[in-house]
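I opened the notebook to log a walk through one structure. My entries follow the order in which I looked things up.

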Amino acid sequence: MTEHFPTMTPTRRTVLLSLGAGLAAMALPRGGSAQAGDQVLRFGLSTFPPTIKPFDNTGGAANTVKLMLWRGLMGYDASARLQPELAESVDWTDPQTAVFKLRANAVFHNGKPVTAADVVYSLNEITKEGSTAYLKSDLSILTAVEAVDDKTVKISLSAPSAVLLDLLASYCCPIISAESTEDAPIGAGPFTMKGSEKGVYIEVERFPDFYMEGEPNVGGIRFIAYADENLRYAALEAGDVDLIEYLPWQQFDAVDASDTLEMKSTLGPYMFLLFNVTEGPFADPKVRQAVGYAIERQDVVDAAFAGRGTPLFGLPNPQGSPFDLADPAVEWSYDPEKAKALLAEAGYPNGFDCRLLATATYGMHQDTASVVQAYLAMIGINATLDLPDWGSRVTSGKEGRYDIAVHGTSGTYNDPDSLWPLLYSGNPSYLQSFGFKSERIDGLLEKGRTTTDQAEREAIYKDLAKAYFEEVPQVPLNWRIQAYAMRSNVTGFESLPGFLNGSSAYALDDTKLG
Amino acid sequence: MLAFLLRRVATALAMLLVVGTIIFSMLAIVPGDPAELLLSTGGGSASEEAIRNLRLEMGLDRPLLQQYLTFLGDSLRFDFGTSIVDGSSIAEAIALRLPRTLEIIAAGAVLALLLSIPAGTLAGLRAGGRFDGITSGLNALLTSIPGFVLGTLFIYVFAQVLGVLPAGGYVAFAEDPAQHLQMLILPAVTVALHLSTIIFRMTRASVLEMRGHDWVRTATAKGLSRGLVVRRHILRNALGPVITVVGLQLGILLGSTVLVEFVYNWPGLSGLLVTAVEQRDYPTVRAIILTVAAIFIGINLVIDILYSLLDPRIALQ
Amino acid sequence: MTALPLAARRSRRLPKLPKRMILPAVLLALLIVTPFAAPLLTPYDPVQISVRDRLAAPSWEHWLGQDEFGRDRLARVLYGGQVSLTVAFVATSIACVIGTLFGLIGAYFRGPFEFVTTRLADVVLCFPPILLALLVVTLFGPGADTLVAVLSILYFPAFARIAFSEALRVSALDFVEASRALGTPSHRIVLKTILPNIAGPVSVQYSLTAAAAITIESGLSFLGLGVVPPAPSWGQMIRGARAFMNQDPLGILIPCVALTLTIYAINFFCDRLRDTLDPKGNAGGKDVTSVPAPGRAPVQEEADVIASVRDLRLELRHPKGAVDVIEDVSLTLRANQCTALVGESGSGKSLTSLAIMGLLPGAIRQADGALHLRRKQGGMVDLGALGPKALEDVRGNDVAMIFQEPMTSLNPIHKVGAQMVEAILSHRKMPRAEARSRAIALLELVGINEAARRFDGYPHEMSGGMRQRVMIAMALTCEPRLLIADEPTTALDVTIQAEIIELLQKLRQDYADGLSLLFISHNLGIVSEIADRVVVMYSGQVVEEGPAQQVLTDPHHPYTRALMESMPSAHADLHSARGDRLQAISGTPPLPDARPSGCSFRDRCPMALPACAEARPPLFASADGSRAARCIRAPEAQEAA
């Protein structure tokens, strides 16, 4: 399996950034009308964003659009390296205090400059009482956000944080103008909203005063929702759109073979199994471990993902993570004999019956469940599939109406800390095994987050991998390859690696239509 | 006539009340929390606190009975309210989407009528002949191919292999008329083919039945030309049952376009409903169902009136 | 017109599986049985995955190849059929039982039951089917049980409606009223009397619904809301194979074909079933006529002859060969003369008259003989020599016809006046207003009060007698020389009968100068009142003819005699409005393909001789040539006179 790491040459914007963006955006030639740069890029989304609110996480499609409209203090370049966005620089005065200098030429879509007061306003919107913001609990470590001067912000933390900058680079942490209203947030992103129709399309057009000179490289982007993946691909093939997300795995070969299409792919999200550990056989970690040994993961990859992915045997440490945590000692393998032995040890030599929850809404969940079901049957666990639609699936998951559940997800940045929402028991959700609570794992996660020394953190996460293997909060199945496919006249777009794949919209700044 | 209309409208309102109540109670017992769903779109995670706050914003914390009474009151005033997901006006969304669904139904119906009334008439007039054999056989085959199979095949052939038509999607007519029509072709043809099989059967059977009536012989005995006999004494009589079937099918189509809209990514009313159901956007689901039911009842009323105009024996009661 | 003596009519009396049902029944049975014979046909388990062999091409082990999970496709399509068919048929059966019950109860007990039945059905019918199914399945989770439940709810109103309206119809029938009056318990009446009588339409609905249920089941499975995997179903197979459509078209083709074929088989079965249960659909149209053939006989040019039929032979085309329904019939119709054509049902009198109109049903062909008619301009023409346009011009213009059933002979949806005006305008060029006043004048002539108001009325607003007057007026619109009246009074009650006869008599005398009337009847009482000449027909042949007075007082043919004897008294006969069975002699006339050798009447003849069986007797003319009878004993009778 060749992994597609994006080969990086410094892009224009990174170069410009290092020079210091001295040129006033106002001075940019408007439009560059003779160029292809005025064309509208047509982007096939996998779903229509249910809402577009700056601080809520309402799915990948919404996040992509949000990154076009609003930017935060930090961001990523196309190779997934942290980059200052609205901030020009960041200076840690001590492990618990960071001072951000704002970019001089950054202006909001209403023409007003981005000031420290706007930063204070935005971060306060996230942490304030009653907020529904995605990062509300993560950013509860902020003890104070102060405007030092018009362009300088000081952020104080209750404890050192290894991931503050990643959190600030999140699509759920944009800086919006303090003049924003609930219905009309004002951002400073590369595009402004041009028009939209619920369920159909969203069109954005270039913000001429964007702080990165020469960007964006297209006149606008029209996001069109194609909920059906086959149709999304058909639309790309037929030339109805220029670029699509979530290229269906079945079509990878077709794109590879095509002269007119290209794709950018990376290992991103991963698939795993969850358990209801409050009752029944799965309350016993041995039974969960048995499941870990029972499944031939390559078959999941082949059947559910058309062979596009890699088996995952241990803690899902994302691609692009600063640490290498691989260790066969704390990883499963496909070993049905061992699985049966573990079952027998747990007191189930003849297996048992149980309910396997997935969803019919997503084919990959359903297909994964089919393969898992077949392999569980081989060690005597007879699972009945329960495939409600997504909405009921979430509720069933949250209320624990299952024995085993299939799920797939991604963290939001390339660090093991990104597994926090999936493993930290302080915030139970349908993404976690029902009733699972481990002080050992919680403690390691807390320690990893508040330790800033990378070597120390590596040791902590190695312990986490061991705890993960022993206590089995999840049984990992495989990494999915996530691909964007585009027509060959689209250049400059990159698929961000690992958990940052969902933030690939940052690369749209550099994307050109030839 | 006025008394008839008043009575029918009253019955319709009563039925809508029943429909609304059924839908409300159905949605009330269904699993799924719109707040949690919204915040976990695409597999993300949301904190308990955020979900709780959002439920409050959506007004889902109120007692069920209170919600029901508000719903009834608002519906009576034709106020559909706003979506609990994004706060947009439901009436506006329906006003935007409904015409599109009606558009493919109308385009499909026109195509179907143009295709199947002449063919059905001819087949009925020459029942047992070669034309009847071929068209009836073809019709039976087409009837047996479900719409989504046909749609999938069409996209494969016309968009992916031949590349002559777009694979689906929608552009407003005002924005780009040519492209709008191009995108309309496949959905309309798919609807038309399905609809035409039903109209064809009905037309053929109806023509065949009318041909057997004594008045047809009377008309021929009077010395009317063949054309006149067919037009005035067969076709005109055969139209009644055909119109009933067309009307009924149009009502049914309001719902069954869901597969066509899905296959062709045509942003019509059923797509809105499917999304609303997925998101558990209760007010939107209720509003759409009520709208569809109202149209359905309306169509039936129009058919009854049309029928009584076509056949003087039938009095409106 | 009396019904055609088709052979098919006879076999319909015998309850056996009609031939045309065999093929659809076998096809359907095959398609239903095959999936359930899956364990015999394939050793593979439809859910056994083998990812290494995914999308394998067909091989000896896997005849249809393997799917995206490496499962055997043959096994999946067969077992998938089981699931799809079971869901569809179980749901349909439940819907059928519940719906029929609702309908029966509503129709039999009426009152609040009726209200509940119809309203409940109305509410369900407010939801477009797929939408309701989609909603319920999304909300309550997919699975075969949910599908069966939702499909049952979806389809029971259709059954309730059909059962309701059919039961309503049946309940009103005499025998049901009778058993009710006799105090038979309700449930017995409903189950033993009504249910069997509505079984036909309900079973047609059953097959229709089954086909629709399969379509919806597959549609929902296609959307991922149907049967829960890994259990296969066709819709689900299509959903799975769709993603691989361009790499592996076979995968999507197989379930599509299976689905299409099955729905096709059910529809096919359903169509044939409907045709068999309700044969009126293929009775053939009354608009298609067979074209008269040119005759070889020379044109008769006597000035007072309006129409003549020479040696007419009509044959019924039949898969087993042609059968002569009319043999060797000759008639001469003269101006100012009323000729009565007399005989039992099936004797061929109506066919003979239709032949003169050029209105023979499509299945009947003029095999021999000639039909001549005097046109208003141009003298006698051979009808067989006229093209279709010229024939249209002759009909209604030179010859007009009044039919037996005034209730059905007028188009119910057009105004009476419009139906008259279109007749006038198709033969005469005149302004509409003039045609209108002409039609009103004619309505007045035939004795319709408030003719101008009736002109704008519809047929259903009139009584039978009035409608027959309208028919007569319509026949007279273009002043034909020949008017054919085919049992014009049979369907009317007695007093009206007399009025219509009186009207016809009056018209002959006062209205149209030189009108020749061909009066067809089995009622000798009426015939004796109106006819100048009588022609008696039996089994497609003329058996006696002559001046009315003579024939009716001194019949020469034993059949004519039998007809006379069957008429108790002129008055009583007028009361037996539909008594077209002979009371004096037993039996019925033979069907055309079962005529005895020799004289076709000999089986029923009280005075038959052995010689009667030897040869078909010719028409023996009387000495003065005014009469003739087709009986070897006719010469004796003629001499006796």
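**Entry 1: domains of chain C**

How many Å separate the centres of domain 1 of chain C and domain 2 of chain C, taken over C-alpha atoms? I got 54 Å. I note at the outset that this is a predicted model. The assignment gives chain C a domain 1 at 76–278 and a domain 2 made of 327–404 + 481–640.

**Entry 2: a sheet in chain C**

I traced an open sheet of four strands in chain C, with the order β2-β1-β4-β5 and antiparallel pairing. The edges are β2 (323–334) and β5 (379–382) of chain C; each has a single partner strand, so one side of each is left without a neighbour in the sheet. I also took the turn between neighbouring strands: 10 degrees on average, direction ignored.

Next I asked what packs on this sheet. I found helix α12 of chain C, residues 349–357, touching β1 (305–316), β2 and β4 of chain C. The direction of this helix makes about 115 degrees with that of β1(C).

Then I went through the strand pairs.

- β1(C) and β2(C) run antiparallel and are joined by eight bridges. C:V305 has C:R334 in β2(C) as its bridge partner.
- β1(C) and β4(C) also run antiparallel, with eight bridges between them. Here C:A307 stands opposite C:L373 in β4(C).
- β4(C), residues 364–375, is joined to β5(C) by four bridges, again antiparallel. I logged C:R374 opposite C:M380 in β5(C).

**Entry 3: one lysine in chain C**

Is C:K192 buried or exposed? I placed C:K192 in helix α9 of chain C, residues 186–222. C:K192 has 12 other C-beta atoms within 10 Å, so C:K192 counts as exposed. The cut-off for exposed is 12 or fewer. I also checked C:K192 against C:H318: they are 126 residues apart in sequence and 39 Å apart in space, C-alpha to C-alpha.

**Entry 4: chain C against chain B**

I looked at the contact between these two chains. I found 61 residues of chain C in contact with 58 residues of chain B. The chain C side of this contact divides into 31 nonpolar, 20 polar and ten charged residues.

**Entry 5: domains of chain B**

Chain B is divided into domain 1 (2–90) and domain 2 (96–316). Their C-alpha centres are 32 Å apart. The contact joins 23 residues of domain 1 of chain B to 16 residues of domain 2 of chain B.

Which helices supply the domain 1 side? I listed α1 (2–28), α2 (34–39) and α4 (64–76) of chain B, each with at least two residues. The largest share, ten residues, comes from α1(B). By type, the domain 1 side holds 16 nonpolar, five polar and two charged residues.

**Entry 6: helix α11 of chain B**

I turned to α11(B), residues 269–279, and found this helix mostly covered, with ten of its eleven residues buried. Among them are B:L269, B:L272, B:L273, B:V274 and B:V277. B:S270, B:T275 and B:Q279 are buried too.

What do the buried residues of α11(B) pack against? In chain B, I found α2, α5 (90–125), α10 (226–264) and α12 (282–310). Chain C adds α6 (129–140). Just after α11(B), I noted B:R280 with a positive phi of about 55 degrees.

**Entry 7: domains of chain A**

The assignment splits chain A into domain 1 (2–189) and domain 2 (269–480). I put their C-alpha centres 33 Å apart. The contact takes ten residues from domain 1 of chain A and twelve from domain 2 of chain A. The domain 1 side divides into six nonpolar, three polar and one charged.

**Entry 8: the largest nonpolar core**

Last, I asked how many residues the largest nonpolar core has. The count is 448. Those with the most contacts inside the core include A:L273, B:I288, B:A293, C:A133 and C:V534.

I followed A:L273 further. Leaving out residues up to four places away in sequence, I found A:L273 touching A:V291, A:V372, A:I404, A:A405, A:V406, A:Q474, A:V475 and A:L477.

Key
Residues numbered from 1 in each chain as written. Chains lettered and ligands numbered in written order. Predicted model: local features only at pLDDT ≥ 70, side-chain atom pairs only at ≥ 80, totals over all residues. Pairing = 2+ DSSP bridges. Axes fitted to C-alpha atoms, helices over the stretch in contact; angles between N-to-C directions. Contact = placed C-beta atoms within 7 Å. Core = buried A, V, L, I, M, F, W, Y, C linked by C-beta atoms within 7 Å. Buried ≥ 20, exposed ≤ 12 C-beta atoms within 10 Å, placed from the backbone. Nonpolar A, V, L, I, M, F, W, Y, C, P; charged D, E, K, R; others polar. Domains from an automatic or database assignment.
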